[in-house]
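Visitor: I have not looked at this one before. Could you walk me through it?

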Amino acid sequence: APEAALDSEQAHEPPATPMEEQLAELWRDLLRVPRVGRRDNFFELGGHSLLATRVVARIRATFDVELSLRAFFEAPTVAALAERLQATARAARLPTLTRASREGRLPLSFAQQRLWFLEQLQPGTAQYNLPTALRLSGTLDVGAFQGAVDALMRRHESLRTTFHSEGGEPYQVIHQDGSEQGRSGWQVNRVDLSELQGSAQRQAEAVRLANEDARRPFDLATGPLLRVTLLTLEPTEHVLLLCMHHVISDGWSIGVLVRELAALYEALRQRAPSPLPELPVQYADYAVWQRQWLA
């Protein structure tokens, strides 16, 4: 636990060099701890793999050097990491991530191919579902909410992607809109529970439906791989169910999705333009970049 590490009797050693000071400041920012010593271990202070990837990205931007995630795990203290960075300062830079052509078949990233492969071994499993349930309190503009979901789907190609194969080789297909997948747009599934008697009964039914939705498998080839369900408990009380397959998202991205959905909803409710800037690259661009670089 972070508290145990901070309260330990180990003597605090402040950073000894400008690079160590920058790394300690970076760690304080991401870990939200009051101080970081040069011998403190990132993971003992509460760090985890997702935060580690953010550290690596910040290091690339701050020091203009390439650092692998493996190297960070091997040098998880400020002092050891600073020493590793000085030794790798002259390493070759990774190629720039740019937008790839959408002509022809798009490859999967290695993480996506791993999940696709597991799906072939055990079709119809719900093991890799990413469910989220959010309570929405207050007056809900259902039209603006549906518009926000449509805008979110248009913004992120991953949410409009399905996965196919030929000769055992998988590839991804990005759809333009929901009609290509046998539906009209990206319709939010709406379930009205307000007619049930009593708050306890409505709550119990909402929990049952949430569990049912979380356990319902996706078909990677037919999609869509995101389900959006709105449960109405009362006129001013709703539960939003979001469920995605891990092949198009991850745990960290759920927070991004919810924040963007809220921003788009607020803009549509006020009849204002989207506050979100255009995305210069999409996940398919990363998949192409990863394949080309590692080849």
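Guide: We can take one strand, then the cores, then the empty spaces.

Visitor: What kind of model is this?

Guide: This is a predicted model, in which local features need pLDDT of at least 70 and side-chain atom pairs count only at pLDDT 80 or more, while totals for chains, interfaces and linings use all residues. Residues are numbered from 1 along each chain as its sequence is written, and side-chain values use heavy atoms, with hydrogens and water left out.

Visitor: OK, strand β6. How many of its residues are buried?

Guide: In β6, residues 237-245, 9 of 9 residues are buried. Buried means under 20% relative accessible area with a 1.4 Å probe, protein chains only. Strands here are DSSP runs of E, at least two residues, and helices are runs of H or I, at least four, numbered from the N terminus.

Visitor: And which residues sit on each side of β6?

Guide: E237, V239, L241, C243 and H245 are on one side, and H238, L240, L242 and M244 are on the other. In a regular strand the side chains alternate between the two faces of the sheet.

Visitor: Which way does β1 run against β6, parallel or antiparallel?

Guide: Antiparallel: β1 (residues 129-137) pairs with β6 over 9 bridges. Two strands pair if DSSP finds at least two bridges between them. One bridge puts R135 opposite V239 of β6.

Visitor: How many bridges join β5 to β6?

Guide: There are 8, and those strands are antiparallel as well. T232 has H238 of β6 as its bridge partner, and a hairpin of 2 residues links β5 to β6.

Visitor: Switching topic. Which residues have the most contacts inside the largest nonpolar core?

Guide: F145, L159, F163 and V228, in a core of 34 residues. Such a core is a set of buried Ala, Val, Leu, Ile, Met, Phe, Trp, Tyr and Cys residues joined through side-chain atoms within 4.5 Å. Helix α7 (142-155) is one of the elements that supply at least two residues of this core, and α7 gives the most, with 7 residues.

Visitor: What does V228 touch, outside its neighbours within four places in sequence?

Guide: V228 is in contact with F145, V149, V188, N189, L240, L241 and L242. Contact means heavy atoms within 4.5 Å. Apart from the core of V228 lies another core, of 25 residues, among them W27, I59, F63 and A82.

Visitor: Now the holes. What lines the second largest cavity?

Guide: V149, L152, L226, V228, L242, L257 and L261 do. By class, this lining has 7 nonpolar, no polar and no charged residues. On a 1 Å grid over the protein atoms alone, a cavity is a set of points where a 1.4 Å probe fits but cannot get out; a pocket is an open set with protein on both sides within 12 Å along at least five of seven lines; lining residues have an atom within 4 Å of a point.

Visitor: And which residues line the largest cavity?

Guide: Q112, E157, S158, T161, Q172, Q282, Y283 and A284.

Visitor: Last one: which residues lie nearest the centre of the largest pocket?

Guide: T53, D250, S253, Y283 and Y286, out of 44 lining residues. Helices α3 (49-63), α6 (110-121), α9 (251-269) and α10 (283-294) each supply at least two residues of that lining.

Terms used
Buried means under 20% relative accessible area, exposed over 50%, partly exposed in between (1.4 Å probe, protein chains only). Ala, Val, Leu, Ile, Met, Phe, Trp, Tyr, Cys and Pro count as nonpolar, Asp, Glu, Lys and Arg as charged, and the others, Gly among them, as polar.
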